Each structure stands twice: as C-alpha cells, then as structure tokens.
Amino acid sequence: MKLISTKICKTSDIGVNDILFGGSMLAWIDEAGGIMASSVCCTSNMVTLKIEEVLFKEPVKVKQQIRIYGKVDRIGKTSISLWVEARRADLKKQTEVVVCSTKMVFVHIDEQGKPIPIQTC
Ligand SMILES: CC(C)(COP(=O)(O)OP(=O)(O)OC[C@H]1O[C@@H](n2cnc3c(N)ncnc32)[C@H](O)[C@@H]1OP(=O)(O)O)[C@@H](O)C(=O)NCCC(=O)NCCS
C-alpha cells in the first residue's frame, strides 16, 4: 500500500470516551481516498460515491500519529475503487498497527456533476 497522508490525533478530534471520534477518522479517510483517486486519475474532479464497511479495529488517543495508506482495487469506466487503511504509528518502536480499514469508490465527474470516463496519466 502507498502512504497518502499522515494525521496527528488532537484534543479537538476526541469524542466522548477520550478516544478519536469516528467521524474524524471518516473525514481523514475520505480526504485521503480523494487525494489518491485524484492523483491516479489526474484530475481533482472526483467525488466520493461509496464507503464500504468501515472497521474501527483499534482506539486512537491524543498525540498518536495516524498514517493513511491506499491501494487501487480496480479502475472502471468512470469510477475507481480503492482499499484504504489507517495505521497507528509507534514512533519509538518504529511499528504500525491497523486501526481502521475500508474500501471506497470515487467517480470522475464533469462540470455538471455527471460521470465521465477516467483517463489515467
Ligand atoms: C457520484 C455520482 C455523480 C454518480 O452518478 P450516477 O448517475 O449515480 O452514476 P452511474 O450510475 O452512472 O455510475 C457511475 C459509476 O459508479 C459506479 N457505481 C454506481 N453505483 C455503485 C455502487 N453502489 N457501488 C459501486 N460502484 C457503483 C458505476 O458502476 C459507474 O462506474 P463505471 O463507469 O466505472 O462502471 C452521483 O451519485 C453523485 O453526485 N453522488 C453524490 C456525490 C457526493 O456528493 N459525494 C460527497 C459525499 S457527501
């Protein structure tokens, strides 16, 4: 998988149980997936169509670093499907643990918001 972005869990990202709010993680994953889809398809005109089952496997606490990785699953006519994984980094041990994973679909759209064919670079 390819590293797309890195996040730090801030106090403003915390929910009611002193761990990362799931909605914050969803926003990070959505953004990272969009960045990867746009890079692969050479356009910023990509919209999120679908986020499949999202598994929040491990909690994330304040100050922990989260690295978001992606891998292309398939490229269709107008859509691209990606595997996306967020990993919590242990900076001392130099290890990573998967905290969240999902599969996402993005669609290439025109100025009217209608699907148009993808052209990879
Ligand atoms: C994305 C959007 C433009 C697609 O329009 P649409 O008319 O539904 O698209 P189509 O039915 O022509 O399908 C477009 C592509 O999505 C794929 N697709 C459609 N439904 C799908 C589904 N349930 N799962 C996976 N792929 C799907 C189609 O197979 C097609 O891909 P392909 O050309 O590679 O085969 C439209 O649904 C939209 O604007 N959605 C809102 C997007 C948005 O606001 N995102 C931000 C999140 S709030």
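# Close-up views of a predicted model

**View 1. Isoleucine 80 and its partner across two strands.** In β6 (95-108), phenylalanine 106 is the bridge partner of isoleucine 80, a residue that belongs to strand β5 (residues 79-90). Helices (H or I, at least four residues) and strands (E, at least two) are DSSP runs, numbered from the N terminus, and two strands pair if DSSP finds at least two bridges between them. The structure is a predicted model, in which local features need pLDDT of at least 70 and side-chain atom pairs count only at pLDDT 80 or more, while totals for chains, interfaces and linings use all residues. Residues are numbered from 1 along each chain as its sequence is written. Isoleucine 80 counts as buried because 24 C-beta neighbours lie inside 10 Å; a residue is buried if 20 or more other C-beta atoms lie within 10 Å of its own, exposed if 12 or fewer, and partly exposed in between, with C-beta atoms placed from the backbone. Apart from neighbours within four places in sequence, isoleucine 80 is in contact with Ala37, Val40, Cys41, Val72, Ile75, Phe106 and Ile118, where contact requires that the C-beta atoms of two residues, placed from the backbone, lie within 7 Å. Glycine 33 is 47 residues from isoleucine 80 along the chain, and their C-alpha atoms are separated by 10 Å.

**View 2. Antiparallel pairing of β1, β4, β5 and β6.** Strand β1 (residues 2-8) is joined to strand β4 (residues 65-75) by six bridges, and the two run antiparallel; within this pairing, isoleucine 68 in β4 is the bridge partner of serine 5. β4 in turn runs antiparallel to β5, with ten bridges between them, and a hairpin through three residues joins these two strands. Opposite tyrosine 69 stands glutamate 85 in β5, and opposite isoleucine 66 stands arginine 88, also in β5. The pairing of β5 with β6 is antiparallel over twelve bridges, and these strands form a hairpin with four residues between them, where glutamine 94 in the turn has a positive phi of about 60 degrees.

**View 3. Helix α1 and the largest nonpolar core.** α1 (22-41) has 20 residues and reaches 28 Å from its first C-alpha to its last, close to the 28 Å expected at 1.5 Å a residue, the expected span being 1.5 Å times one less than the number of residues. Its buried residues are Met25, Trp28, Ile29, Ala32, Gly33, Met36, Ala37 and Cys41, and they pack against β1, β2, β3 (55-56), β4, β5 and β6. An α-helix has 3.6 residues a turn, so residues three or four places apart point the same way. The largest nonpolar core (a set of buried Ala, Val, Leu, Ile, Met, Phe, Trp, Tyr and Cys residues joined through C-beta atoms within 7 Å) has 24 residues, and those with the most contacts inside it are Trp28, Ile29, Ala32, Ala37, Ile66, Ile68 and Ala86. The largest share of this core, seven residues, comes from α1. Alanine 32 touches Ile4, Ser5, Ile68, Gly70 and Val84, when residues up to four places away in sequence are not counted.

**View 4. The shell around the ligand, with lysine 50.** The ligand is surrounded by 13 residues, of which the closest are Gly76, Lys77, Thr78, Ser79 and Val107; a residue is near a molecule or strand if its C-beta atom, placed from the backbone, lies within 6 Å of it. The elements that give two or more residues to this shell are β2 (46-51) and β6, and the largest share, four residues, comes from β2. The shell divides into six nonpolar, five polar and two charged residues, where Ala, Val, Leu, Ile, Met, Phe, Trp, Tyr, Cys and Pro count as nonpolar, Asp, Glu, Lys and Arg as charged, and the others, Gly among them, as polar. Lysine 50 has its place in strand β2 and is exposed, because 12 other C-beta atoms lie within 10 Å. Leaving aside neighbours within four places in sequence, lysine 50 is in contact with Met104 and Val105, while lysine 50 and valine 107, 57 residues apart in sequence, are 9.3 Å apart in space, C-alpha to C-alpha.

**View 5. Positive phi at cysteine 42 and lysine 63.** Most residues other than glycine have a negative phi, and most peptide bonds are trans. Cysteine 42, just after α1, takes a positive phi of about 55 degrees; this residue lies in the loop between α1 and β2 and counts as exposed, because 11 C-beta neighbours lie inside 10 Å. Lysine 63 has a positive phi of about 80 degrees although it is not a glycine. Lysine 63 lies in the loop between β3 and β4 and, with 9 C-beta neighbours inside 10 Å, counts as exposed.
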